[in-house]
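Trainee: I would like to test some labels against their cut-offs. Can we take them one at a time?
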Amino acid sequence: MEMGFGYDGIKAVDPAKIRSMIAMAKEQLALAYAPYSGFYVAAALLCRDGSIYTGCNVENASYPAGNCAERTAVFKAVSEGRREFSCIVIIGGDAGKVETYCPPCGICRQVLREFCRPSEFLVILAKSEENYQVFSLEELLPESFGPESLGE
Ligand code: THU
């Protein structure tokens with residue numbers, strides 16, 4: 001089993017939960033709409049209340065109008081009243097074949113930052129149910145700008 005442990009907080013999330021979220025993300029990958037890049041991405045976002053929202057990338061003929069999988073999941077969750085999150089699983093690859101880890105882009109890191117404590121929120125990059133790496137958002141987005149930065 002190949003696993004990266006960038007963060008000790010892995011202990012805070014049940015491995016069985018992580019495996020089931022990876023399975024959900026793998027299923028979601030089939031719904032990715034990526035006719036322009038051919039790069040399919042899916043995410044599963046765990047909310048603090050235990051609910052899980054999946055998301056996929058949704059591209060557009062006007063390229064910048066497309067949306068990443070992670071932001072699709074966050075926007076689905078927030079639009080359903082969730083604002084507190086524990087972790088996100090991300091899976092992706094060219095032509096939908098998952099052979100490498102798919103790290104979140106900078107914009108998605110910032111969007112996740114809005115709704116979590118960077119030292120506690122986990123970003124899980126998966127290749128399969130058995131192969132995944134765990135990072136805190138703080139590791140992926142250090143010295144970040146968030147709601148508190150704007151003051152009271
Ligand atoms: N993509 C994501 O969905 N998430 C990321 O964090 C990285 C990139 C998508 C956007 C685009 O549809 C495709 O992957 C190629 O960049």
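Mentor: What follows is a set of questions on a predicted model, starting with the ligand.

Trainee: What makes Asn-57 a polar contact of the ligand?

Mentor: The cut-off is 3.5 Å between N or O atoms. A polar side-chain atom of Asn-57 lies 2.9 Å from a ligand oxygen, so the pair counts. Glu-59 also qualifies: an N or O atom of its side chain is 2.5 Å from an oxygen of the ligand. At Ala-69 a polar backbone atom is the partner, at 2.9 Å from a ligand oxygen. The protein buries 76% of the 370 Å² that the ligand exposes when taken alone.

Trainee: Which elements each supply at least two residues of the shell around the ligand?

Mentor: β2 (39–47) and α2 (69–79) do. The shell includes Phe-39 and Val-41, and also Ala-69 and Glu-70. By class, seven shell residues are nonpolar, two polar and two charged. The ligand takes up the space of the largest pocket.

Trainee: Why is the pair of Tyr-36 and Tyr-63 called tilted?

Mentor: Pairing needs ring centres within 6.5 Å. Here the centres are 5.5 Å apart, so the rings pair. Stacked means planes under 30 degrees apart, and edge-to-face means over 60. The planes stand at 35°, so this pair is tilted. The count by this rule is two aromatic pairs.

Trainee: What makes Tyr-36 and Tyr-63 a link between distant parts of the chain?

Mentor: They are 27 residues apart. Tyr-36 is in the loop between α1 (15–29) and β2, and Tyr-63 in the loop between β3 (52–56) and α2.

How values were computed
Residues are numbered from 1 along each chain as its sequence is written. This is a predicted model: local features need pLDDT of at least 70, side-chain atom pairs count only at pLDDT 80 or more; totals for chains, interfaces and linings use all residues. Side-chain values use heavy atoms; hydrogens and water are left out. A residue is near a molecule or strand if one of its heavy atoms lies within 4 Å of it. A polar contact is a pair of N or O atoms within 3.5 Å; within protein, one must be able to donate a hydrogen and the other to accept it, and residues adjacent in sequence count only if both atoms are side-chain atoms. Accessible areas come from the Shrake-Rupley method with a 1.4 Å probe; for residues, only the protein chains shown count as cover. On a 1 Å grid over the protein atoms alone, a cavity is a set of points where a 1.4 Å probe fits but cannot get out, and a pocket is an open set with protein on both sides within 12 Å along at least five of seven lines; lining residues have an atom within 4 Å of a point. A molecule sits in a cavity or pocket if more than half of its atoms lie within 2 Å of its grid points. Helices (H or I, at least four residues) and strands (E, at least two) are DSSP runs, numbered from the N terminus. Ala, Val, Leu, Ile, Met, Phe, Trp, Tyr, Cys and Pro count as nonpolar, Asp, Glu, Lys and Arg as charged, and the others, Gly among them, as polar. Rings of Phe, Tyr and Trp (its six-membered ring) pair if their centres lie within 6.5 Å; planes under 30 degrees apart count as stacked, over 60 as edge-to-face and the rest as tilted.
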